[in-house]
Amino acid sequence: MRTVLISGASVAGPALAYWLRRYGFSVTVVERAPALRAGGQAVDFKGRTHLRVLERMGILDEVRARRTGTTDLVFVDDSGRELGVMSGEFTGGDLEILRGDLAEIMYDKTAGTVEYLFGDTITDLRDTGDGVAVRFEHHPPRTFDLVLGADGIHSRVRKLAFGPEADYVTHLGYYYCVAGASRWSDAATPRDKAAGYAHNTPGKLAIDGGPKAQQMYMFAAPELDYPRNDVDAQRRIITETFADMAWHAPRMLTDLADFDDIYLDSISQVRMNGTYTRGRVALVGDAAYGNTLAGFGTGLAVVGAYVLAGELASAAGDHVTAFANYDRIMKRYAKIAGNSNAGPFLAPRTALGIKARNWFLGSRFFTLMMKYGDKAANDIDLLDYPQLVGADPVRPHLN
């Protein structure tokens, strides 16, 4: 039985684990966090392709049962007067769920057959040609046939196997912060939340409520030097950046002091030039084709996991053949994440840009953009991978 180590237990990791175990691989998942992360901001799936993967995993009904209510985002001026509306259909896709709820569903599908190593991380990888020698921060060294990085846009696996993050991750000029997201997972919190309200000043956006978290911020900035695991440092950055904003911002910043679930990160894009594999190592999800807040990340993660595991099964574990097919298929499909940047749209740098964005939200061009997004999300015909290792896959025509 071929052994696989997966780094990351958010969405792409457990999805990979599910399919690989189904195809007969021995799977270990290592996750830096001490346990599954509860709550988290809402993520969404768009179109028949995303939903079909969830259905084939046998979790579509449960995801639907735990879905959040799609909510509109209303842009307002200082006095609360409505300026424009971003519909919940756009922000929530066809099916929206809290990231933590989705991770829990996928974990529950795999916990009985997959080894999970929580509270640990990979410190070194060495591809020997016959396997990958792995060192962990806490567990003893082990060797695996394959190592798969599903550990996000700041992937440790990518850094160790491919090179420095700066070679593959491009800062797009903005930062975003979500705060209070875990409270949306509270049983006492209604799933159908009221509309969120958003206010802009040039280069800044503050959102009070809505589908992602109790608070969300976005602002234009060059790359910042701060510790990503220091909540107090992140809180200070937001407080200082939004100290001069009126509207609800003073009250929001006061409330921010009570949140311990604050997540601040750059809006960035991963650019791998269509090659997500090297030797016995492969990347999937945001580690391979991440584009922050572009709207396709979670769907790309589950589709990528389905394709990578299916190709490994079809090639009877021959990673050279499987990885080449995975690169080819996902290079094309991952283009849906494109070169889009949510920052200039949500937090325009000028007053004129804010005014133009609000006009656009009420125009027919915004409707056309929504339809394009739906079409792009479905721009792949899923391969009907075999149930047994070594069988031939049914390869459809790719549009």
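**View 1. Phe242, a buried loop residue in this predicted model.** Phe242 sits in the loop that links α7 (231-241) to α8 (249-256). With a relative accessibility of 0%, Phe242 counts as buried. Setting aside residues up to four places away in sequence, Phe242 touches Lys204, Leu205, Ala206, Tyr217, Met218, Phe219, Ala249 and Leu253. One of those partners, Leu253, is eleven residues from Phe242 in sequence, and the two C-alpha atoms are 8.0 Å apart in space.

**View 2. The whole protein, for context.** Before the other close-ups, here's the full picture: the protein has 14 helices and 18 strands. Of its 399 residues, 56% count as buried. Take the contacts between residues at least 6 apart in sequence, and 73% of them join residues at least 24 apart. The protein exposes about 17000 Å², with carbon and sulfur atoms supplying 50% of that area.

**View 3. Helix α1 against helix α10.** Two packed helices are described by the angle between their axes and the distance between the axes. Here the axes of α1 (residues 12-22) and α10 (residues 297-314) come within 8 Å and cross at roughly 30°. That angle makes α1 roughly parallel to α10, since anything under 35 degrees gets that label. The crossing of α1 past α10 is right-handed. On the α1 side the contact uses Ala12, Ala15, Leu16, Trp19 and Leu20, and on the α10 side Ala301, Ala305, Tyr306, Leu308, Ala309 and Leu312. Sorted by class, the contact of α1 with α10 has eleven nonpolar residues, no polar ones and no charged ones.

**View 4. Val284, in contact with residues of α1 and α10.** Val284 belongs to the loop between β18 (281-283) and α9 (286-289). Its relative accessible area is 0%, so Val284 is buried. Ignoring neighbours within four places in sequence, Val284 is in contact with Ala12, Leu16, Gly149, Ala150, Tyr289, Ala301, Gly304, Ala305, Leu308 and Tyr326. Look at the pair Val284 and Ala12: 272 residues separate them in sequence, while their C-alpha atoms are 6.8 Å apart in space.

**View 5. Helix α10 against helix α11.** The axes of α10 and α11 (319-333) lie 8 Å apart, and the two helices pack at an angle of about 150°. That makes α10 roughly antiparallel to α11, because the cut-off for this label is over 145 degrees. α10 passes α11 in a right-handed crossing. From α10, the contact draws on Leu300, Val303, Gly304, Val307, Leu308, Glu311 and Leu312, and from α11 on His319, Ala322, Phe323, Asn325, Tyr326, Ile329, Met330 and Tyr333. The class count for α10 with α11 is eleven nonpolar, three polar and one charged.

**View 6. Ala316, in the loop between α10 and α11.** Ala316 has a phi near 55°, a positive value in a residue other than glycine. At 46% relative accessible area, Ala316 is partly exposed.

**View 7. Helix α2 against helix α10.** Helix α2 (residues 47-57) packs on α10 at an angle of about 55°, and the axes are 9 Å apart. That puts α2 oblique to α10. α2 passes α10 in a left-handed crossing. The residues making the contact are Thr49, His50, Val53 and Arg56 of α2 plus Gly299, Leu300, Val302, Val303 and Tyr306 of α10. By class, α2 with α10 gives five nonpolar, three polar and one charged.

**View 8. Asn273, an exposed loop residue with positive phi.** Asn273 lies in the loop between β16 (262-270) and β17 (277-278). Its phi is near 55°, which is positive in a residue that isn't glycine. Asn273 is exposed, at 71% relative accessible area.

**View 9. Thr28, a buried residue in a strand.** Thr28 is part of strand β2 (residues 26-31). Its relative accessible area is 3%, so Thr28 counts as buried. Leaving out neighbours within four places in sequence, Thr28 is in contact with Val4, Leu5, Ile6, Glu115, Leu117, Arg142 and Phe144.

Key: Residues numbered from 1 in each chain as written. Predicted model: local features only at pLDDT ≥ 70, side-chain atom pairs only at ≥ 80, totals over all residues. Heavy atoms only, no water. Axes fitted to C-alpha atoms, helices over the stretch in contact; angles between N-to-C directions. Helix = DSSP H or I, 4+ residues; strand = E, 2+ residues; numbered from the N terminus. Parallel < 35°, antiparallel > 145°, perpendicular 65-115°, else oblique. Left-handed = near helix turned anticlockwise from the far one by under 90°. Contact = heavy atoms within 4.5 Å. Nonpolar A, V, L, I, M, F, W, Y, C, P; charged D, E, K, R; others polar. Buried < 20%, exposed > 50% of the residue type's maximum accessible area, 1.4 Å probe, protein only. Areas by Shrake-Rupley, 256 points an atom, 1.4 Å probe, with all protein chains shown as cover.
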